[in-house]
Amino acid sequence: MMTGMERLKAAINGTAADRIPVFCNLLDQGASHLGLPLKEYYANGENVATAQLQMREKYGYDNLWSLFYVGKEAELLGCKRIIYANDGPPNVGEMIIQKLDDIAKLQVPDDISDHPAFQEELKCLRILRREAGGTYPICAYVTATMTLPALLMGMEHWMDLLFCGPADLREELLKKCHAFFVKEVQAYRDAGADLLLYSNPFGSTEFVPMRYLLEHSMPWIEKDIAAAGTAGMVYYCGSARFNKVIDAVFQRTGIGAYYLSPLDDVAEGKQIIAGRALCCGTINDIRMIDWRPDKVRQEVKRIVLAGKPGGKFLFGSLLMPMAIPEENIRVMLEAAYLYGRLEEGGGANG
Amino acid sequence: MLEQIITAYNEAIFDTDRERALSIVSQAAEQGFSPEDIVFKLVVPAIEQMLASVSSNMDANLAQHFLTSQIAAEIIDQMIPRFKTAPEIVGTIVIGTSPGDFHGLGKRIVIGCLKARMIEAVDLGLNVPPERFVDAALEHGAQVIGISSMMVHTARGDNGCRAVRRLLQERGLEDRFRIIVGGAPYRFDEQLYRTVGADSWAENAVAAGQIITDLIREVKS
């Protein structure tokens with residue numbers, strides 16, 4: 001039986017494999033798995049690593065996560081207040097940048113690996129690396145320079161600064177976010193992360209017009225990738241559609257994997273990628289809360305059959321809401337394993 | 001002349017160029033267009049145009065919605081005091097984000113678009129308890145309660161729209177108010193608004209303007 005890493009490499013290289021790689025992104029579910037409240041669960045990196053390893057073992061999918069919650073990046077930049085819920089991901093409860101003067105005060109840590117807010121993630125990564133390094137790809141989440149300000153000042157105020165604010169302050173903030181991004185990628189790679197989900201809603205035409213994207217977002221995407229390298233980078237727009245930008249991003253950065261929105265047309269995405277990179281088709285996991293198992297199965301089949309021909313395809317979820325019934329998670333995975341099976345000799349992946 | 005101005009204004013909005021859009025409005029005022037013409041022939045049709053583009057072209061996006069709404073709100077605030085007669089207010093909505101939700105952008109875009117439709121929007125802010133939605137709707141004589149949620153658990157949670165519906169039922173107020181919801185989870189599940197007990201939902205803030213107008217008329221009829 002192949003490991004997740006072997007399946008992923010086979011999909012990237014277009015070589016033989018038993019099935020397509022299947023990524024199932026369970027984060028908050030780890031707390032229920034261990035029977036802990038979310039706050040207690042995320043207080044200790046050992047909890048997160050244990051749950052990640054056990055859930056992967058239980059369901060048989062191909063990846064592991066070092067991400068606790070997206071607001072962690074704000075904590076690394078000074079946020080002291082995270083709000084916990086019982087039924088969903090922790091939320092940033094205090095914006096570090098409350099007024100424009102705060103931009104000058106924003107400090108990028110010299111070494112993220114030494115930062116107190118990174119220590120539990122580091123602990124988690126060490127355990128994942130020790131237990132599953134080289135066998136199952138360890139994923140980390142990095143917010144792109146152009147999007148990170150939304151975590152620091154709120155999307156509303158970032159849009160204000162971006163479109164209506166002083167250009168010099170905007171540039172100053174973006175430069176600091178870029179410096180943070182580069183250090184964060186380094187810290188994750190040093191700690192053993194194999195894949196970096198490069199999250200950038202501002203790299204989607206659902207957020208900004210194509211012309212703006214090419215003139216303003218793209219230069220920062222290029223700077224991010226030029227500084228951090230393409231190794232393990234996965235382009236993702238936080239569930240926003242981005243088929244229209246794939247070609248430009250590929251040509252200007254060389255990023256080798258594209259994690260589509262569930263609302264993107266998978267077949268179109270594959271056609272645009274045209275074998276140059278890995279295409280990741282995703283299921284609408286918000287609908288999975290209410291779908292009956294038959295409908296889940298049908299959707300997985302639709303996505304996999306649209307993406308699998310010609311190979312270089314991965315099936316995955318987004319960050320799955322806690323409210324999805326466990327039965328639907330199982331059905332999704334069983335269907336992905338079934339429909340994602342590849343012919344002996346690996347023809348479909350080649 | 002007006003057509004040229006409208007075209008130039010719409011182009012500026014689509015290019016997300018705020019300065020150019022505001023400068024076109026200033027030129028229109030200098031050329032003698034009345035505040036009423038600027039609002040009802042330039043700014044409001046630009047919102048309608050945006051709505052039409054949304055349904056036909058994915059390139060009409062969040063940034064354009066944001067700017068359309070912000071510029072509209074800015075211009076309307078400047079122009080209304082200069083109207084010959086005060087415009088008639090169509091109705092009132094109280095609007096906020098659901099408990100545990102700190103994402104205010106969608107709400108703000110909606111409020112800007114509503115201004116252009118002469119709908120008074122009472123901003124209840126972020127992380128609003130269900131009782132506050134209902135009490136504020138009564139206090140302000142609103143017809144509509146707007147609840148914005150950007151996260152699945154804040155959209156579906158027992159403390160959000162479901163609780164507001166429950167309160168309206170318990171207090172016998174269902175005939176007096178309509179509930180509209182919006183935010184990312186509703187875009188990924190178009191039937192979710194029914195699940196949480198809302199009367200309607202809007203895919204985006206620009207579309208919300210028309211739907212809220214219809215809900216107000218429904219309550220008033």
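Here are some worked exercises on a predicted model with chains A and B.

**Exercise 1. Work out how much surface chain A and chain B bury between them, and which three residues of chain A supply more of its share than any other three.**

Step one: get a feel for who touches whom. Contact here means heavy atoms within 4.5 Å, and on that basis 31 residues of chain A meet 28 residues of chain B.

Step two: go from contacts to area. The two chains bury about 2,900 Å² between them, and 60% of that is on carbon and sulfur atoms.

Step three: look for the big contributors on chain A. Asn91(A), Glu156(A) and Ile286(A) provide 19% of the area that chain A buries against chain B, more than any other three residues.

**Exercise 2. Find how many salt bridges run between chain A and chain B, and say which elements give two or more residues to the side of chain A that touches chain B.**

Step one: count the charged pairs. There are six salt bridges between chain A and chain B.

Step two: check an example against the cut-off. A salt bridge needs a Lys or Arg side-chain nitrogen within 4 Å of an Asp or Glu carboxyl oxygen. Arg108(B) and Asp160(A) have an N to O distance of 2.7 Å, so they qualify.

Step three: widen the net to polar contacts. With both partners at pLDDT 80 or more, 10 residue pairs are in polar contact between chain A and chain B.

Step four: map the chain A side onto its elements. Helix 9 (155-164) and helix 11 (210-228) of chain A are the ones giving two or more residues. Helix 9 of chain A has the largest share, with six residues.

Step five: sort that side by class. You get 17 nonpolar, five polar and nine charged residues.

**Exercise 3. Now search the whole structure: how many salt bridges turn up, and how far apart in the chain are Glu326(A) and Lys58(A)?**

Step one: take the total. Over all chains, the search finds 37 salt bridges.

Step two: pick out the pair. The side chains of Glu326(A) and Lys58(A) form a salt bridge at 3.0 Å, N to O.

Step three: place both ends. Glu326(A) sits in helix 15 (residues 326-339) of chain A and Lys58(A) in helix 4 (residues 45-59) of chain A, so this bridge links distant parts of the chain, 268 residues apart.

**Exercise 4. Describe the lining of the second largest pocket, then that of the largest cavity.**

Step one: start with the pocket. The second largest pocket has a volume of about 430 Å³. Its lining has 24 residues, and the closest to the centre are Leu162(A), Arg170(A), Tyr212(A), His216(A) and Thr16(B).

Step two: trace the pocket's helices. Helix 9, helix 10 (167-191) and helix 11 of chain A, along with helix 2 (18-30) of chain B, each supply at least two residues. Helix 11 of chain A gives the most, seven residues.

Step three: classify the pocket lining. It divides into 11 nonpolar, three polar and 10 charged residues.

Step four: turn to the cavity. The structure holds one cavity of 30 Å³ or more, and the largest cavity has about 30 Å³ of space. Leu2(B), Ile5(B), Ala28(B), Phe33(B), Asp37(B), Ile38(B) and Leu42(B) line it.

Step five: finish with the cavity's make-up. Helix 3 of chain B gives the largest share of its lining, three residues, and by class there are six nonpolar, no polar and one charged residues.

Note on methods. Residues numbered from 1 in each chain as written. Chains lettered and ligands numbered in written order. Predicted model: local features only at pLDDT ≥ 70, side-chain atom pairs only at ≥ 80, totals over all residues. Heavy atoms only, no water. Buried area = accessible area lost by both parts, 1.4 Å probe. Polar contact = N/O pair within 3.5 Å; in protein donor to acceptor, adjacent residues only side chain to side chain. Helix = DSSP H or I, 4+ residues; strand = E, 2+ residues; numbered from the N terminus. Nonpolar A, V, L, I, M, F, W, Y, C, P; charged D, E, K, R; others polar. 1 Å grid on protein atoms, 1.4 Å probe; cavity = no way out; pocket = protein on both sides within 12 Å on 5 of 7 lines; lining within 4 Å. Points joined across faces, edges and corners; volume = space filled by probe spheres on them.
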